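User: I am a first-year student, and I would like to take a close look at the empty space inside one protein model. Please guide me through that part in a connected way.

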Amino acid sequence: MDIHWDDLRVFLAVARSESLSGAGRTLRLDPATVGRRIQRLETAMGAPLFAKSPQGYALTVDGQRLLNHAEHAEQAVTGAAEEIGGQAGQLTGQVRIGAPDGCANYLLPQICARISADNPGLEIQIVALPRVVNLSKREADMAITVSAPAAGRLTVQKITDYKLHLAAHRGYLREAPPIASLTDLRTHPIIGYIPDMIYDKELDYLAEAGLDDVALASNSIMVQLHLIRQAAGVGIVHDFALAFAPRVQRLLTDAFSLSRSFYLIRHPDDRRVERLNRVAEALVAGLRAEVARLEDAAA
């Protein structure tokens, strides 16, 4: 049986994206070439590996069996490259990090810039999604989340706690009725998440403040902060984001404060890849230091 590693690489890309076009974008190949590689691998294996449907390419039973072996082969090839090529101490290759948009916009840029400066051969990709990143489909090599997954074959490391408070723009506070208690907020326009698009219960901030009437909403915490910066109303803001909105100030800090946590989620097989281990270590240390620094500045 003559199986090429490059065909296995294409197989993994199709299995994770569930389409020839998605795999082609990942591999920078045209879909027709991806299709030919899959046909060659199926011929070599003597069995169909995918079942095509309107929903895309789904693994057959034989495809599922091959998936585990292909992933182990991928880890072995990557590990060998790391061991041979990483002897100079600098990291190379590509690392994709998934994160909620608050973390992705206000924390990761400065942390990843430092990691990149120390490792010029390393390509870092930040994926900011208003949902949980799917590591099983390799949407990212590692993910930062606001809650630990309750199921799945994943490794979880708590990174750090962070705080959130009610906040408003100073211009809004000059013109609006005074806010002396949480009850007073009922007469103010509230900015928050679109209720049916809250993908994690830890993001349901307004419920804990007893506020359920949202005047302006977005599935992005960054958009919410921009609305607050436009003096459009009152919302809940990460303390670490306040440095990026200097005219936004915290409100009722003695009456209301939220604490949440960031977690680093990884695929357990990636523990054998030194590049990912070192990036994860730098990421965790950087996030802890940056959250502490920005929260101290906001206090």
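How many cavities of 30 Å³ or more does a search of the whole structure find? Please describe what lines them, and then turn to the pocket and the charged contacts.

Analyst: The structure shown is a predicted model, and it is sensible to begin with the confidence attached to it. The average pLDDT of the protein is 89, and 95% of the residues score at least 70. The elements differ in this respect: strand β9 (residues 235-238) has the highest mean pLDDT, 97, while helix α4 (residues 61-85) has the lowest, 74.

Rolling a probe the size of a water molecule over the atoms shows where empty space is left. When the whole structure is searched, 2 cavities of 30 Å³ or more are found.

The largest cavity has a volume of about 90 Å³. Its lining consists of 16 residues, and those nearest its centre are Pro100, Asp101, Gly102, Tyr193 and Leu203. Helix α5 (residues 101-106) supplies the largest share of this lining, namely 3 residues. By chemical character, the lining of the largest cavity comprises 12 nonpolar residues, 3 polar residues and 1 charged residue.

The second largest cavity holds about 50 Å³ of space. The elements that contribute two or more residues to the lining of this second cavity are α9 (221-229) and β9. The largest share, 4 residues, comes from α9. The complete lining can be named: Tyr106, Ile221, Gln224, Leu225, Ile228, Ile236, Val237, His238 and Ala241. Of these residues, 7 are nonpolar and 2 are polar, with no charged residue present. Strand β9 thus appears here as a contributor to a cavity lining, and β9 is also the element with the highest mean pLDDT.

Immediately beyond this strand, the chain offers a buried acidic residue to examine. Asp239 lies in the loop between β9 and β10 (248-251). Asp239 counts as buried because its relative accessibility is 3%, and buried means under 20% relative accessible area. The side chain of Asp239 has polar contacts with two other side chains: with His165 at 2.9 Å, and with Arg250 at 3.0 Å.

The open space of the second largest pocket may now be set beside the cavities. The second largest pocket contains about 280 Å³ of space. The elements giving two or more residues to its lining are β3 (93-99) and β5 (142-145). Strand β5 gives the most, with 3 residues. In total, 21 residues line the second largest pocket, and Val132, Val133, Thr145, Pro149 and Ile265 lie nearest its centre. The lining of this pocket divides into 14 nonpolar, 5 polar and 2 charged residues.

One of the residues nearest the centre of the pocket, Ile265, has a number that falls within strand β11 (residues 258-266). The strand β11 also holds Arg260, and this residue leads to the salt bridges. The structure holds 11 salt bridges.

Arg260 is buried, with a relative accessibility of 6%. The side chain of Arg260 meets that of Glu202 in a salt bridge, with 3.1 Å from N to O. Because Glu202 sits in the loop between β7 (191-192) and α8 (205-208) while Arg260 lies in strand β11, the pair ties together parts that are 58 residues apart in sequence. Glu202 is partly exposed, its relative accessible area being 22%.

Arg260 also forms a salt bridge with Glu208, in which the closest N and O atoms are 2.6 Å apart. Here Glu208 belongs to helix α8 and Arg260 to strand β11, so this pair ties together parts that are 52 residues apart in sequence. Glu208 counts as partly exposed, at 48% relative accessibility. Through shared partners, salt bridges join Lys201, Glu202, Glu208 and Arg260 into one network.

A further salt bridge is formed elsewhere, between the side chains of Arg40 and Asp7, at 2.8 Å from N to O. Arg40 lies in helix α3 (residues 31-45) and Asp7 in helix α1 (residues 5-17), and the pair links distant parts of the chain, 33 residues apart. In this pair, Asp7 is buried, with a relative accessible area of 2%, whereas Arg40 is partly exposed, at 41%.

Definitions and conventions
Residues numbered from 1 in each chain as written. Predicted model: local features only at pLDDT ≥ 70, side-chain atom pairs only at ≥ 80, totals over all residues. Heavy atoms only, no water. 1 Å grid on protein atoms, 1.4 Å probe; cavity = no way out; pocket = protein on both sides within 12 Å on 5 of 7 lines; lining within 4 Å. Points joined across faces, edges and corners; volume = space filled by probe spheres on them. Nonpolar A, V, L, I, M, F, W, Y, C, P; charged D, E, K, R; others polar. pLDDT = per-residue confidence, 0-100. Salt bridge = Lys/Arg side-chain N within 4 Å of Asp/Glu carboxyl O. Buried < 20%, exposed > 50% of the residue type's maximum accessible area, 1.4 Å probe, protein only. Polar contact = N/O pair within 3.5 Å; in protein donor to acceptor, adjacent residues only side chain to side chain.
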